[in-house]
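I opened my notebook to look up how aromatic rings sit against one another in one structure. I wanted to keep each entry short and to write down what I looked up.

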Amino acid sequence: MAETPKITNANDKSMPLDTFLLNPEQSQTVDNAYAGLVSDCMKRFGFDYTPPRNQGAQRSGDAPTTRIDGRFGVQSAEDAEKWGYHPAGGAGEEADSPWGNKGQKMTAAMQTAERGSDDPKEKFGPGGQVVNGEAVPDHGCVGEARKKLTGSVEGNLADAKLAIDLKFDTLVKAQQDERTRAVFAKWSSCMKEKGFDYADPLEANGDEKWAKTPQPTRHEIQVATADQDCRARHNVVGVWYAVDYAYQERAVEQNAEALADVKKDTESLLKAAADALAG
């Protein structure tokens, strides 16, 4: 196992699988390139359209700098005191409508241009229709954009399935590891001393009560701040991170050849996205 650091926040620390996963900046680059390509394509058909954007709900001051996801729950005592287990600012506004342009309604012609079919039961179509004098490409403008970025109208613009599978497999293994469970037990005893009954930080973070209000309640903030104190007292994040790191390191070694292909595909996607934005 990797040396156990004494930390309360692992967001600035890398993980072995990071190099095979898109970080927040890279995901934004791909999203921007894709949105621009779809929008440009739709303009050829006479439509002012921007596809819905990926807007990851990231906690201010408590978001990973190298990874898209936080594997260790809330790690900012400052955020916990203000927002409990809510994202910074509260629940916030809903994401853009799937219709695009924040609620713009799609006509049949727009849907045909966008995805190659106007059939609501069909996600994508082969194209070939003529809309406003222009021939619709396979899978519509969505397919055209994906093909330019990946080489295929059905190309993947997110993390590779293998990388995602390994990420979640190691996540579960690390959470269930006896070393992690031992430090979780210490954390749980600490929380009980403060009047809160949770088996582990995951249970506290996932308490259904927190989702019932757009802003954190006083009780939620009390639990969250107690959580942070108990984490710090028993080096919960340090142990959890070290165990998780070891599982990821082993996963990378066992899947080296396949992951090399993942890295190559990811680098190709990022280059295509950068070229699209530059063009």
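Are phenylalanine 72 and tyrosine 241 buried or exposed? I was working with a predicted model, and in it I found that phenylalanine 72 is buried and that tyrosine 241 is buried as well.

Next I looked up the ring pairs, and a search of the whole structure gave five aromatic pairs. One of them joins phenylalanine 72 and tyrosine 241, which meet edge-to-face with 6.2 Å from centre to centre and 70° between the planes. I noted where the two partners lie: phenylalanine 72 is in the loop between helix H1 (24–44) and helix H2 (77–83), while tyrosine 241 belongs to helix H9 (residues 236–254), so this pair ties together parts that are 169 residues apart in sequence.

I then followed tyrosine 241 to another partner, tyrosine 245, and the pair they form is tilted, at 5.8 Å centre to centre and 55° between the planes. These two tyrosines are four residues apart in helix H9, which means that about one helical turn separates them.

I also checked how accessible each one is. Tyrosine 241 has a relative accessible area of 8% and is therefore buried, since the cut-off for buried is under 20%, whereas tyrosine 245, at 22%, counts as partly exposed.

Putting the rings together, I wrote down that ring pairs link Phe72, Phe184, Trp240, Tyr241 and Tyr245 into a cluster.

My last entry concerns a charge and a ring: lysine 209 lies over the face of tryptophan 210, at 5.3 Å from the ring centre.

Key:
Residues are numbered from 1 along each chain as its sequence is written. This is a predicted model: local features need pLDDT of at least 70, side-chain atom pairs count only at pLDDT 80 or more; totals for chains, interfaces and linings use all residues. Side-chain values use heavy atoms; hydrogens and water are left out. Rings of Phe, Tyr and Trp (its six-membered ring) pair if their centres lie within 6.5 Å; planes under 30 degrees apart count as stacked, over 60 as edge-to-face and the rest as tilted. Buried means under 20% relative accessible area, exposed over 50%, partly exposed in between (1.4 Å probe, protein chains only). A charge sits over a ring if NZ of Lys or CZ of Arg is within 6 Å of the ring centre and within 35 degrees of the ring normal.
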